[in-house]
Amino acid sequence: MKKTILNYLEELDEIAAYWIGRHFPRPSVALGEETNEQYCSWCGQTQEDVSFCTCGTREIAWSRVIRLGSYEPPLSTCVIRGKYSRWYEVLELIGRRLGRRVRGCVPPNAVVVPMPMPYLRWWFRGINHSAVLAKYVAQTARLQRSNPLLRKETPPQAGMSAGGRSRLKTSSILSLPWANLRGKPVVLVDDVLTTGRTLEVAAKALRSIGASTITVAVAAVTNFEERPKKVISASFPH
Ligand SMILES: [Zn+2]
């Protein structure tokens with residue numbers, strides 16, 4: 001097979017990575033090409049025909065979901081390695097790709113807000129993945145960024161049953177006393193949308209400080225067949 005310059009560059013990159021002890025491939029290689037699956041813009045589920053989505057009967061705490069793809073490899077692997085192995089560069093690339101999708105879909109006065117992480121967990125993990133994603137979403141979409149939320153220490157959601165997730169207390173995410181988003185559209189950024197409970201709680205906190213509309217921007221959405229039985233159970237008015 002004829003090798004292009006790009007092949008040689010990739011090989012060189014791998015050799016360099018080996019010698020300097022960097023174990024990750026280039027983010028663009030790990031993430032692969034962007035996919036363009038059809039999805040429901042309310043619940044974020046992959047749908048061949050979005051007009052048939054069953055989420056229409058539920059109340060959803062946000063007005064729209066923007067996502068990169070389904071929660072499956074290579075996207076899911078990259079999210080996990082970004083989050084637990086502190087692979088900053090892959091989170092940066094995910095954030096930039098997501099930012100390109102957000103750009104033009106929200107008004108120019110929209111504010112990008114990361115899903116808050118409890119400080120202790122941040123300290124242990126050494127990376128705040130949602131904050132990294134939000135930084136590059138804001139930069140690429142040319143929007144302002146703000147951190148008006150605070151998350152109390154609770155057990156991590158990953159590995160928790162659907163029941164446990166849906167019990168996440170409304171008081172677990174608070175808005176900072178000086179935060180004010182009066183009349184501003186908000187882009188709430190997180191890595192994965194599964195039951196939607198955490199995003200729902202964060203959306204409520206954002207509304208309490210005046211956010212006008214909430215657009216959820218996530219790297220990936222866990223599809224219905226794979227996700228826990230209990231799904232979005234929002235009980236807030238729009
Ligand atoms: Zn839907």
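Helices, taken here as DSSP runs of H or I with at least four residues, are numbered from the N terminus, as are strands, which are E runs of at least two. With that naming, α8 is followed by G210, whose phi is positive, near 100 degrees. The structure described here is a predicted model. Its chain holds eight helices and seven strands. Of the 238 residues, 35% count as buried. Among contacts with a separation of 6 or more, 80% come from residues 24 or more positions apart.

A word on confidence may help before the details. The average pLDDT of the chain is 86, and 82% of the residues score at least 70. Two stretches call for some caution. Over residues 226–231 the pLDDT is below 50, and this stretch has 13 contacts in the model beyond near neighbours in sequence. Residues 233–238 also have a pLDDT below 50, with nine contacts beyond near neighbours in sequence. Where pLDDT is low, the predicted coordinates should not be read in detail.

The sheet is a good place to begin a tour of the fold. Five strands make an open sheet, and following the order β1-β7-β6-β2-β3 takes the reader across it, with parallel pairing. Strands β1 (64–70) and β3 (144–145) lie at the edges; each has a single partner strand, so one side of each is left without a neighbour in the sheet. Strands of a sheet pair through backbone hydrogen bonds, either parallel or antiparallel. At the β1 edge, six bridges join β1 to the parallel strand β7 (residues 214–221). Within this pair, I66 stands opposite A217 in β7.

Two helices pack on the sheet. Helix α3 (residues 75–84) touches β1, β6 (186–193) and β7, and its direction makes about 100 degrees with that of β7. Helix α8 (residues 197–208) also packs on the sheet, where it touches β2 (111–114), β6 and β7; the direction of α8 makes about 165 degrees with that of β6.

Further across the sheet, β2 pairs with two strands. Four bridges link β2 and β6 in the parallel sense, and P114 stands opposite V189 in β6. The pairing of β2 with β3 is likewise parallel and runs over two bridges; here V111 stands opposite Q144 in β3.

Returning to α8, this helix has 12 residues and reaches 17 Å from its first C-alpha to its last, close to the 16 Å expected at 1.5 Å a residue. Helix α8 is mostly covered, with nine of its 12 residues buried. These buried residues are R197, T198, L199, E200, V201, A202, A203, A205 and L206.

Finally, one residue of helix α4 deserves a look. L93 is placed in α4, which spans residues 88–102. Is L93 buried or partly exposed? A residue counts as buried if 20 or more other C-beta atoms lie within 10 Å of its own. L93 has 19 other C-beta atoms within 10 Å, and therefore it is partly exposed. Leaving aside neighbours within four places in sequence, L93 is in contact with P27, S28 and L31. In the case of S28, the two residues are 65 residues apart in sequence and 7.5 Å apart in space, C-alpha to C-alpha.

Key
Residues are numbered from 1 along each chain as its sequence is written. This is a predicted model: local features need pLDDT of at least 70, side-chain atom pairs count only at pLDDT 80 or more; totals for chains, interfaces and linings use all residues. Two strands pair if DSSP finds at least two bridges between them. Two residues are in contact if their C-beta atoms, placed from the backbone, lie within 7 Å. Axes are lines fitted to C-alpha atoms, for helices over the stretch in contact, and angles run from 0 to 180 degrees between N-to-C directions. pLDDT is the predictor's confidence in each residue, from 0 to 100. The expected span of a helix is 1.5 Å times one less than its number of residues.
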